[in-house]
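Visitor: I should like to learn how to read the features of a protein model. Would you take me through one?

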Amino acid sequence: MKFSDGYWMMREGVHAVYPAEAFDCVTGPGSFTVHAPAERIRHRGDLLKGPVVTLSCTSPMPDVIGVTITHFAGERQPRPEFELLADGASVATAELDDEAVTLTSGALSVRVNRGEEWRVDFLAEGRRLTGSGFKAMAVIDTDDDRHYVREQLDLGVDHHVYGLGERFGPLAKNGQVVDVWNADGGTNSDQAYKNVPFFLTDGGYGVFVDHPGRVSFEVASEVVTRTQFSVEGQSLRYFFIYGPTPKDILRKYTALTGRPARLPDWSYGLWLSTSFTTSYDEETVSSFIDGMAERDLPLSVFHFDCFWMREYNWCDFEWDPRVFPDPPGMLRRLKERGLRICLWINPYIGQRSPLFAEGKARGYLLKRPNGDVWQWDKWQPGCAVVDFTNPEAREWYVAKLDALLDMGVDSFKTDFGERIPTDVVYYDGSDPERAHNYYTYLYNQAVFELLRKRRGEGEAVVFARSATVGSQRFPVHWGGDCESTFEAMGESLRGGLSLGLSGFGYWSHDIGGFEGTPDPALFKRWIAFGMLSSHSRLHGSHSYRVPWAFDEESVDVLRTFTRLKMRLMPYLSGAARQAYEGGTPMMRAMVLEFPGDPACTHLERQYMLGDDLLVAPVLDASGEVSYYVPDGVWTHYLTGEQVRGGRWVRERHGFESVPLLVRPGAVIPEGAVEDRPDYDHAEGVTLRVYEPVDGAAVTTEIPAPDGTTAASFTTSRNGAVVRVTAAGAAGWNVLLVGVRSVSGVSGGDAEAHEQGTVIRATGDTVEITLPEEG
């Protein structure tokens with residue numbers, strides 16, 4: 001929120017005070033505390049008045065420093081608090097001299113000046129990253145008796161801010177006002193389902209504001225040379241995270257707040273939904289599945305949306321007996337076809353649900369201050385909200401889901417969780433303002449942990465809409481209710497890339513859009529985007545999303561890109577490992593992969609899928625697309641055509657094509673199976689080798705379903721000889737893309753391929769001698 005009236009004045013009714021000097025500095029083991037009066041102390045009389053701002057600095061882990069700004073310390077410690085995972089391995093040191101007090105953690109230091117000028121500087125490896133100077137840090141009162149703490153950090157001329165959750169506006173947040181407050185606002189407003197008070201910059205640092213309630217960010221907006229954040233209350237704590245690269249920042253942030261979980265291979269396949277308000281029964285469901293099989297369309301998961309339960313009974317977690325007379329038998333028949341089953345749920349209980357009276361009697365629903373159950377009519381008549389701070393309510397809720405798992409259900413779509421009231425009383429005394437955003441963490445944690453308990457580590461997966469800090473531990477998340485337009489396709493992509501820059505490793509969206517019915521051209525373009533996302537779902541509002549409902553070409557397009565994704569599973573499983581081991585998202589904004597390329601700072605219509613694949617979705621019915629290619633000679637994955645980088649490219653693509661470029665020098669493992677995602681990714685794998693660099697070596701690891709390494713390869717080039725060694729692989733191949741002939745082969749047999757030369761390995765090592773022209 002804005003407090004000032006221009007640069008010099010405050011808004012009417014707003015009163016701010018600022019630290020003026022580091023009057024008193026105290027160091028302790030791995031910490032320091034500074035008492036900073038709001039006026040310089042000239043004589044003893046000045047010591048009798050306030051306010052005094054207390055600044056405390058600690059370190060939970062190397063390269064991360066926690067900063068706490070406090071006015072009145074008597075404020076009670078409210079609930080909830082984010083669950084932080086610092087391992088205590090930090091060895092921070094505090095130093096005090098006549099000029100400054102300094103805390104150093106790893107390569108990062110925070111330095112508070114003790115001279116006449118109040119200044120807080122963050123430094124790393126001999127350079128200043130940013131800092132808080134004149135009238136930046138503040139405690140603020142208003143005439144209506146509200147209290148705030150504000151911080152402002154300098155923003156360099158060439159620095160950009162990213163993250164803050166899944167936001168659908170411009171990817172770089174400079175110039176924006178962002179209020180971290182979960183809301184059910186669709187994908188075309190400044191509201192967001194997934195608000196995260198964390199941002200990273202291309203200036204070498206990130207900032208996580210450790211406050212689960214409303215946090216207001218003014219990113220180069222109130223003061224255009226600063227990033228501002230503020231909370232209501234008497235104190236504010238933030239963690240300053242040194243990179244230096246954006247990937248390093250994400251790695252350290254997710255080490256603090258939690259890494260994305262490892263997911264089952266089957267979850268990467270195609271999910272097909274009944275859609276939202278469409279009419280369906282077992283016959284309808286079977287017709288969809290039969291239609292997919294008849295058209296040779298690989299399908300991994302079938303999802304039942306809201307109306308698997310009876311109308312007005314959401315949620316009672318009981319199948320509507322009028323439509324589904326034999327749920328166990330139906331699920332058994334579906335699973336015999338190799339499908340996984342997902343059911344829609346939410347954390348709300350409508351008044352007609354039998355669970356309403358039960359929850360009311362047991363005190364499991366959020367209450368108003370007078371003791372009444374909190375209710376409203378927006379969504380379900382008489383809708384109430386489960387209180388997940390009550391351990392008994394949590395167990396009661398998940399027990400209903402447990403019975404569905406016994407029946408054969410594999411996953412849940414954990415919808416909603418954003419419209420959480422603040423005029424309520426929680427069982428554990430949580431502050432309603434702080435609990436509003438945090439509610440989704442408790443909700444999805446309960447469901448995800450049930451699935452993990454029942455299915456095992458690496459087998460749990462939800463399809464969640466709302467999120468906050470730490471929710472990345474309970475994947476997958478999808479982009480919410482977008483319209484069926486190219487504009488919505490673009491805003492969805494921006495949201496997904498922003499979420500990836502906020503610590504979330506996986507992301508999905510409704511192929512074709514949710515609201516309305518896409519025309520065939522939009523649907524086919526969205527298919528390519530959807531199947532080249534980490535997770536892929538066909539879902540809509542009031543119309544089905546089976547491809548033959550649009551046209552026969554949609555069937556062909558879906559087949560092409562679904563089979564492509566299945567073949568890419570050895571590569572995608574490696575990208576997923578980077579997410580759950582290091583916090584790097586599978587779908588990456590270009591700035592994350594190319595932080596040194598200034599052309600990438602604002603790119604938001606394209607992305608990297610893993611380390612080596614560039615995807616530029618076609619966002620126009622004509623097939624025209626323009627995208628930026630970083631330096632080097634890149635290669636179209638689908639055709640083998642080469643593209644010189646360091647420039648913008650404009651192309652026209654048919655519906656069964658999309659710009660999918662391979663990074664120079666990459667080795668892409670492609671699987672031998674294209675009709676399902678959960679297969680042995682190492683068996684029969686083909687290593688697609690692109691322009692190997694002389695003197696360089698590339699290691700390619702193919703993870704097993706349990707996260708261990710199933711097979712590994714090393715590809716190197718020494719002059720005209722390309723050498724590939726394998727460990728743990730059987731029946732593997734090497735495809736030299738763009739190489740039409742070779743001078744010699746050892747350890748395999750060569751044959752022509754439409755994109756080059758393929759070598760069928762006969763042992764653990766293959767050596768290929770290239771012709772003189774390379």
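Guide: The discussion that follows takes up cysteines, strands, open and enclosed space, and annotated domains. Please bear in mind that this is a predicted model.

Visitor: Let us begin with the cysteines. How many disulfides does a search of the whole structure find?

Guide: The general idea is to look for pairs of cysteine sulfur atoms within 2.5 Å. In this structure the search returns zero disulfides.

Visitor: Why does Cys-25 form no such bond?

Guide: The closest cysteine sulfur to that of Cys-25 belongs to Cys-57 and is 10 Å away, which is too far for a bond. Cys-383 presents a similar case: because its sulfur lies 8.9 Å from the closest cysteine sulfur, in Cys-315, a bond is ruled out there too.

Visitor: Are Cys-25 and Cys-383 buried or exposed?

Guide: A residue counts as buried when its relative accessible area is under 20%. Cys-25 has 11% relative accessibility and is therefore buried. Cys-383 is also buried, at 1%.

Visitor: What stands opposite Cys-25?

Guide: Val-34, in strand E5, stands opposite Cys-25. Strand E4 (residues 24–28) and E5 run antiparallel and are joined by five bridges. The hairpin of E4 and E5 has two residues between the strands, and Gly-30 takes a positive phi near 65° in this hairpin.

Visitor: Which strand is joined to E5 by six bridges?

Guide: That strand is E6 (residues 52–61), which runs antiparallel to E5. One facing pair brings His-35 opposite Thr-54 in E6.

Visitor: How should I think about the side chains of a strand, and why is E5 described as largely enclosed?

Guide: In a regular strand, side chains alternate between the two faces of the sheet. As for E5 (residues 31–37), five of its seven residues are buried, so the rest of the structure largely encloses this strand.

Visitor: Let us turn to empty space. How much space lies in the largest pocket?

Guide: Rolling a probe the size of a water molecule over the atoms shows where empty space is left. Here the largest pocket holds about 600 Å³ of space. It is lined by 24 residues, of which Glu-75, Gln-77, Pro-78, Ser-235 and Arg-434 are the closest to its centre. Strand E7 (64–70), strand E20 (226–232), strand E21 (235–242) and helix H6 (432–455) are the elements that give two or more residues to this lining. E21 gives the most, with three residues.

Visitor: What is the chemical character of the lining of the largest pocket?

Guide: Its residues divide into nine charged, eight nonpolar and seven polar.

Visitor: How many cavities of 30 Å³ or more does the search find?

Guide: The search finds five cavities of 30 Å³ or more. The largest cavity contains about 80 Å³ of space. Among the residues that line the largest cavity are Arg-262, Asp-265, Tyr-268, Ser-573 and Pro-703. Helix H10 (residues 569–582) gives the most to this lining, with three residues. By class, the lining of the largest cavity has seven nonpolar residues, one polar and two charged.

Visitor: Finally, which domains does UniProt list?

Guide: An unreviewed UniProt entry places a "Glycoside hydrolase family 31 TIM barrel" domain at residues 260–572. Over residues 260–572 the chain is 38% helix and 9% strand, with end C-alpha atoms 15 Å apart. The unreviewed entry also lists "Glycosyl hydrolase family 31 C-terminal" for residues 583–668. Over residues 583–668 the chain is 5% helix and 37% strand, and the end C-alpha atoms lie 21 Å apart.

Definitions and conventions
Residues numbered from 1 in each chain as written. Predicted model: local features only at pLDDT ≥ 70, side-chain atom pairs only at ≥ 80, totals over all residues. Heavy atoms only, no water. Buried < 20%, exposed > 50% of the residue type's maximum accessible area, 1.4 Å probe, protein only. Helix = DSSP H or I, 4+ residues; strand = E, 2+ residues; numbered from the N terminus. Pairing = 2+ DSSP bridges. UniProt positions renumbered as here; feature names shortened; annotations may be inferred. 1 Å grid on protein atoms, 1.4 Å probe; cavity = no way out; pocket = protein on both sides within 12 Å on 5 of 7 lines; lining within 4 Å. Points joined across faces, edges and corners; volume = space filled by probe spheres on them. Nonpolar A, V, L, I, M, F, W, Y, C, P; charged D, E, K, R; others polar.
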